[in-house]
Amino acid sequence: MPTNYTELYFPVLVQVVIAAAVAAGLVGGSFLIGKKIRNRVKDTPYECGINPTGSARERFSVKFYLVAMVFILFDIEAIFLYPWVVVYRELNVSGGQFFGFFEMLLFIVLVLAGFFYIWKKGVLDWSAEETAKEKP
């Protein structure tokens with residue numbers, strides 16, 4: 001059992017040093033061993049083996065960003081659910097019989113209310129814009 005901070009954090013320091021050494025070794029090795037041929041083919045962007053088409057400066061639809069924010073919202077919900085599950089029994093002992101349950105139920109209801117709101121607004125309907133263009 002560690003008795004001071006040095007003994008406690010020494011394994012973390014060793015792991016960080018080893019990770020940095022491995023990363024530096026791999027980057028340095030590829031720099032020293034790798035071929036340094038520069039030509040037009042090597043300088044083109046690689047997109048999964050397909051030749052790039054169009055400009056990289058195209059605008060994305062606002063719906064793309066809204067769906068990304070919804071994804072982050074539900075990731076954060078999952079992050080809050082995990083610690084709650086871990087301490088659920090202690091919450092019920094210290095705060096009453098159903099305190100922890102109703103606390104998380106309120107949280108989930110609020111998140112689902114936001115989800116149903118954006119669903120009703122059509123944020124998740126990607127085809128709405130396309131069907132509007134098809135109907136002249």
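Visitor: Which residues make the nonpolar surface patch of about 660 Å²?
Guide: Phe-10, Leu-13, Val-14, Val-17, Ile-18, Val-22 and Leu-26 make that patch. Patch members have over 30% relative accessible area and no salt bridge, with nonpolar side chains joined within 5 Å and like charges within 9 Å. A salt bridge here is a Lys or Arg side-chain nitrogen within 4 Å of an Asp or Glu carboxyl oxygen. Areas come from the Shrake-Rupley method with a 1.4 Å probe, and only the protein chains shown count as cover for residues.

Visitor: Is this model predicted, and what are the ground rules?
Guide: It is a predicted model, where local features need pLDDT of at least 70 and side-chain atom pairs pLDDT 80 or more, while totals for chains, interfaces and linings use all residues. Residues are numbered from 1 along each chain, and side-chain values use heavy atoms, without hydrogens or water.Visitor: Where does Val-14 lie?
Guide: Val-14 is in helix α1, residues 5-33. Helices are DSSP runs (H or I, at least four residues), numbered from the N terminus. Val-14 counts as partly exposed because its relative accessibility is 32%; buried means under 20%, exposed over 50%, and partly exposed in between.

Visitor: New topic: how many aromatic pairs are there?
Guide: The count comes to nine, taking Phe, Tyr and Trp rings (six-membered for Trp) with centres within 6.5 Å; planes under 30 degrees apart are stacked, over 60 edge-to-face, the rest tilted. Tyr-5 and Tyr-9 are stacked, because their centres are 6.2 Å apart and their planes at 15 degrees. Both lie in helix α1, four residues apart.

Visitor: Which residues form the aromatic cluster?
Guide: Phe-74, Phe-115, Phe-116 and Trp-119.

Methods: Residues are numbered from 1 along each chain as its sequence is written. Side-chain values use heavy atoms; hydrogens and water are left out. Helices (H or I, at least four residues) and strands (E, at least two) are DSSP runs, numbered from the N terminus. Buried means under 20% relative accessible area, exposed over 50%, partly exposed in between (1.4 Å probe, protein chains only).
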